[in-house]
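Q: Could you take a close look at one part of this structure and walk me through how it sits among its surroundings? Pick one helix, start with a packing partner, and work outwards from there.

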Amino acid sequence: MANRINYQLEMEKVLASLPAGAKPKLLLHACCGPCSSAVLEQLCRYFEITVLYYNPNTWPAAEYYRRGEELQKFVAAAHPLGVTVVEDTYDPQQFYTAVAGLENEPERGSRCTVCYRLRMRRAAQYAAEHGFDWFTTTLSISPHKDAARINAIGQELEAEFGVKHLPSDFKKHNGYLRSLQLSEQYGLYRQDYCGCIYSRLEREEQKKNKRI
């Protein structure tokens, strides 16, 4: 069996190699404020960061807007200088079209891989169009997300768009725990499902089964 890549270590190698002085421009795809919190805390010293809020998977619309508001709330409170948030188009049909035929897949299955790629591809495209040096996503901070899949997609998109992908496994070194601490510190709303209607329904089923 091939050795698993330690993507956190790969990221640390990249950070150590960055030239002192001027910060390169990083586009950070973000799913929500809580997941962004520890990631921004870790990366702000190394990059000039723009956060891209692009999540057509999030359901319902009220949940999408609430997550976006919490992201803006955290950035305004914790990073008044140097971090910009860009909200992209919210069109849920982009997600439903992308995952057509995969509706009954379980969480963490192939539907999620398609969803990762949909959002990361938009981030890579935006980064290429706006002259960023690097792009990455907050997704790997979740203990429910497969860092190997996320980073493999990032490498594919780097080859396609010509913008360097920053490898990551942000959950490492207590990254996820730190996101919980920062969420409590800043009073951030934390959702209990990934985002899409399918993850919401699966989560509700799990809750129901626990009550039985």
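A: Let's take helix 2, and start with its contact with helix 7 (residues 175–185): the two axes come within 8 Å and cross at roughly 110 degrees. That angle falls in the 65 to 115 range, so helix 2 is roughly perpendicular to helix 7. The crossing of this pair is right-handed. Keep in mind that this is a predicted model, so everything here is read off computed coordinates.

Who actually meets whom? On the helix 2 side you'll find Pro 34, Ser 37, Ala 38 and Glu 41, and facing them from helix 7 are Gly 175, Arg 178, Ser 179, Leu 182 and Ser 183. Sorted by character, the residues of this contact come out as 3 nonpolar, 4 polar and 2 charged.

Now for another neighbour, helix 3 (residues 61–78). Here too the axes come within 8 Å, with a crossing angle of roughly 30 degrees. Angles under 35 degrees count as roughly parallel, and helix 2 and helix 3 are therefore roughly parallel to each other. Helix 2 passes helix 3 in a right-handed crossing. The residues involved are Gly 33, Ser 36, Ser 37 and Leu 40 from helix 2, meeting Arg 67, Glu 70, Leu 71, Phe 74 and Val 75 from helix 3. This contact divides into 4 nonpolar, 3 polar and 2 charged residues. Notice that Ser 37 turns up in the contact with helix 3 and also in the one with helix 7.

Let's zoom in on Ser 36. Its place is in helix 2, which spans residues 33–43. Is Ser 36 buried or exposed? Its relative accessible area is 0%, and since anything under 20% counts as buried, Ser 36 is buried. Setting aside residues up to four places away in sequence, Ser 36 touches Ala 30, Leu 71 and Thr 138. Of those, Leu 71 belongs to the helix 3 side of the packing just described.

Ala 30 takes us over to the sheet, as strand 1 covers residues 25–30. In strand 1, 5 of the 6 residues are buried, so the strand is largely enclosed by the rest of the structure. The sheet itself is open, has 5 strands in the order 3-2-1-4-5, and pairs in parallel. Strand 3 (83–87) and strand 5 (164–165) stand at the edges with a single partner strand each, so one side of each has no neighbour in the sheet.

Next to strand 1 in that order comes strand 2, and the two pair in the parallel sense over 6 bridges. One specific link is His 29, whose bridge partner in strand 2 is Leu 52. Leu 52 counts as buried, at 0% relative accessibility. Beyond neighbours within four places in sequence, its contacts are Leu 27, Leu 28, His 29, Ala 30, Val 86, Asp 88, Arg 122, Ala 123 and Tyr 126. So which residue do Ser 36 and Leu 52 have in common? Ala 30: it is touched by Ser 36 and is also in contact with Leu 52.

Going one strand further out, strand 2 (residues 48–53) pairs with strand 3, again in the parallel sense, over 5 bridges. There, Tyr 53 has Glu 87 in strand 3 as its bridge partner.

Note on methods. Residues are numbered from 1 along each chain as its sequence is written. This is a predicted model: local features need pLDDT of at least 70, side-chain atom pairs count only at pLDDT 80 or more; totals for chains, interfaces and linings use all residues. Side-chain values use heavy atoms; hydrogens and water are left out. Two strands pair if DSSP finds at least two bridges between them. Helices (H or I, at least four residues) and strands (E, at least two) are DSSP runs, numbered from the N terminus. Buried means under 20% relative accessible area, exposed over 50%, partly exposed in between (1.4 Å probe, protein chains only). Contact means heavy atoms within 4.5 Å. Axes are lines fitted to C-alpha atoms, for helices over the stretch in contact, and angles run from 0 to 180 degrees between N-to-C directions. Angles under 35 degrees count as roughly parallel, over 145 as roughly antiparallel, 65 to 115 as roughly perpendicular and the rest as oblique. A crossing is left-handed if the near helix is turned anticlockwise from the far one by less than a right angle, and right-handed if clockwise. Ala, Val, Leu, Ile, Met, Phe, Trp, Tyr, Cys and Pro count as nonpolar, Asp, Glu, Lys and Arg as charged, and the others, Gly among them, as polar.
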